[in-house]
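Hi everyone, thanks for coming. I'd like to walk you through one model this morning, so please have a look at the screen.

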Amino acid sequence: MTTRCFVIGHPIAHSRSPLIHGGWIAEHGLAGSYDRIDVAPSELPAFIARLRSGEFAGGNVTVPHKEAVMPLLDHVGEAARAIGAVNTLWLEGDRLCGDNTDAAGFLGHLDACVAGWDARAATALVIGAGGAARAVCHGLKVRGLARIVVVNRSPARAQELAVAFGAPLAARAWENLPALVGEADLIVNTTSLGMTGQPPLDLDLTALCPGAIVDDIVYVPLKTALLDEAERRGGVPVDGLGMLLHQAVPGFARWFGVTPLVTPALRTRLEADILGH
Ligand code: ATR
C-alpha cells in the first residue's frame, strides 16, 4: 500500500516540498507519494474533512492555510500554538493532528552549521515580526537564550510579539539596529528583504562581533548580500535553505516512520532547482 502525503496551499505550484520528500521517498525505497494539491480557502474545510477517511498519512500546509487550518484539527501541538500557525498534519488513529516544524527546522540547521552555538550565544537580534519571526523566536526561547531582541519596521508588531512571548523577548526600535548589531551573538533576518526581486536588508554590520552568527532565512538567492557582508566582517553566515530542508524532517518521520537525513546530495538538488528558476 502506498503512503500518500501532500502539500496544500493556494497557489501551490511553486512549492519545493515535493522535491525534498520525493527525494527521501526514493532514497529509502518507500512505497510513498507526496503531491502538491491546490486548495482554495473556501475548499479548506472539505479537504480537511476528507483527510479523516485515511486516504493520506498526512502532509504539509502552506500559505494561506497555516492559521485557518488550526480550528479544524483535533490536536494542535505546543510549537504551533506558540507560533500561531500549523505547517504539518498527520493522523493519529482517528485524530487529526497538526504542529509547526519551522522552529525545529531553524534550530536543526543552526545546530548542523555551528555545533554548540547555543552554549556561546546569549543575545539574539531578530529582525522582523511576522510568522517566520514567531517561529524563530519560539525556537530561541525554547533553547534558553538569555536575551532575544526583536526589531521590526512596524514597531507595534515587534511589541506585540514581545508581549505575547514574554521574557526573554524585548522589542526595540529600528533606529537602534546599528548599536544592537554590536550586542548580538546571533542575528536572524526573518523578513523577505534581500530576496530576489525585493529591496536588500540594509543592515549596517560595522559593529558586528567577530564570530557572531548571521542567519538569513531568505534562500533565493542562496547567498544573500547580508550573508556576504557578514562573512566579510568575520561573522559566521548561515543560509536559509537549510531551514527549509530541516523543517521537513519531523513530518516525513511521522508519515513514513523513518527519520530522514539532510544530506549534501539533497541540498545540491534543491540548489539546482533554485538556480534553474
Ligand atoms: P512571514 O510570515 O513570511 O514572516 P509576514 O508576516 O508578511 O511574512 O512578515 C514579513 C516581515 O517582513 C514583517 O516583519 C515585515 O515588517 P512589517 O511588520 O513592518 O510589515 C517585514 N518587511 C517586509 N517588507 C519590509 C520592508 N520593505 N522593510 C522592512 N521590513 C519589511
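One definition before we start: helices here are DSSP runs of H or I with at least four residues, and they are numbered from the N terminus. Please also keep in mind that this is a predicted model.

With that, let's take helix α9, which covers residues 225–232. Right after α9 comes G234, with a positive phi near 85°. Which residues of α9 are buried? They are L226, L227 and A230. Viewed down the axis of α9, these buried residues fall within an arc of 95°, so they line one face of the helix. On the face turned away from that buried side we find the exposed residues A225 and R232. And what do the buried residues of α9 pack against? Their partners are β10 (186–189), β11 (213–216) and β12 (236–238).

Now on to α11, residues 249–256. Here V249, G251, F252, W255 and F256 are buried. Looking down the axis of α11, you'll see its buried residues within an arc of 165°, so they too line one face of their helix. The list of packing partners for these residues takes in the strands β1 (3–9), β2 (32–38), β3 (58–61) and β5 (88–92), along with the helices α1 (17–27) and α10 (241–247). Just after α11 sits G257, with a positive phi of about 70°.

Let me stay with β5 for a moment, since T88 has its place in that strand. Is T88 buried or exposed? Its relative accessibility is 3%, so T88 counts as buried. The T88 side chain makes a polar contact of 2.9 Å with the side chain of N87. Beyond its neighbours within four places in sequence, T88 is in contact with several residues, among them G251 and W255, both of which we just met as buried residues of α11. Also on that contact list are G59, N60 and D99.

Finally, the ligand. Residues surrounding the ligand include G128, A129, G130, W174, T191 and L193. The shell divides into four nonpolar, six polar and two charged residues. Oxygen atoms of the ligand come up in three pairs I'd like to show you. A polar side-chain atom of N152 lies 2.6 Å from a ligand oxygen. For R157, an N or O atom in the side chain is 2.8 Å from an oxygen atom of the ligand. With G131, a polar backbone atom is 3.1 Å from a ligand oxygen. As for coverage, the ligand on its own has 650 Å² of accessible area, and the protein covers 66% of that.

That's my tour, and I'm happy to take questions.

Note on methods
Residues are numbered from 1 along each chain as its sequence is written. This is a predicted model: local features need pLDDT of at least 70, side-chain atom pairs count only at pLDDT 80 or more; totals for chains, interfaces and linings use all residues. Side-chain values use heavy atoms; hydrogens and water are left out. Buried means under 20% relative accessible area, exposed over 50%, partly exposed in between (1.4 Å probe, protein chains only). Helices (H or I, at least four residues) and strands (E, at least two) are DSSP runs, numbered from the N terminus. The arc is that of the directions from the helix axis to the C-beta atoms. Contact means heavy atoms within 4.5 Å. A residue is near a molecule or strand if one of its heavy atoms lies within 4 Å of it. A polar contact is a pair of N or O atoms within 3.5 Å; within protein, one must be able to donate a hydrogen and the other to accept it, and residues adjacent in sequence count only if both atoms are side-chain atoms. Accessible areas come from the Shrake-Rupley method with a 1.4 Å probe; for residues, only the protein chains shown count as cover. Ala, Val, Leu, Ile, Met, Phe, Trp, Tyr, Cys and Pro count as nonpolar, Asp, Glu, Lys and Arg as charged, and the others, Gly among them, as polar.
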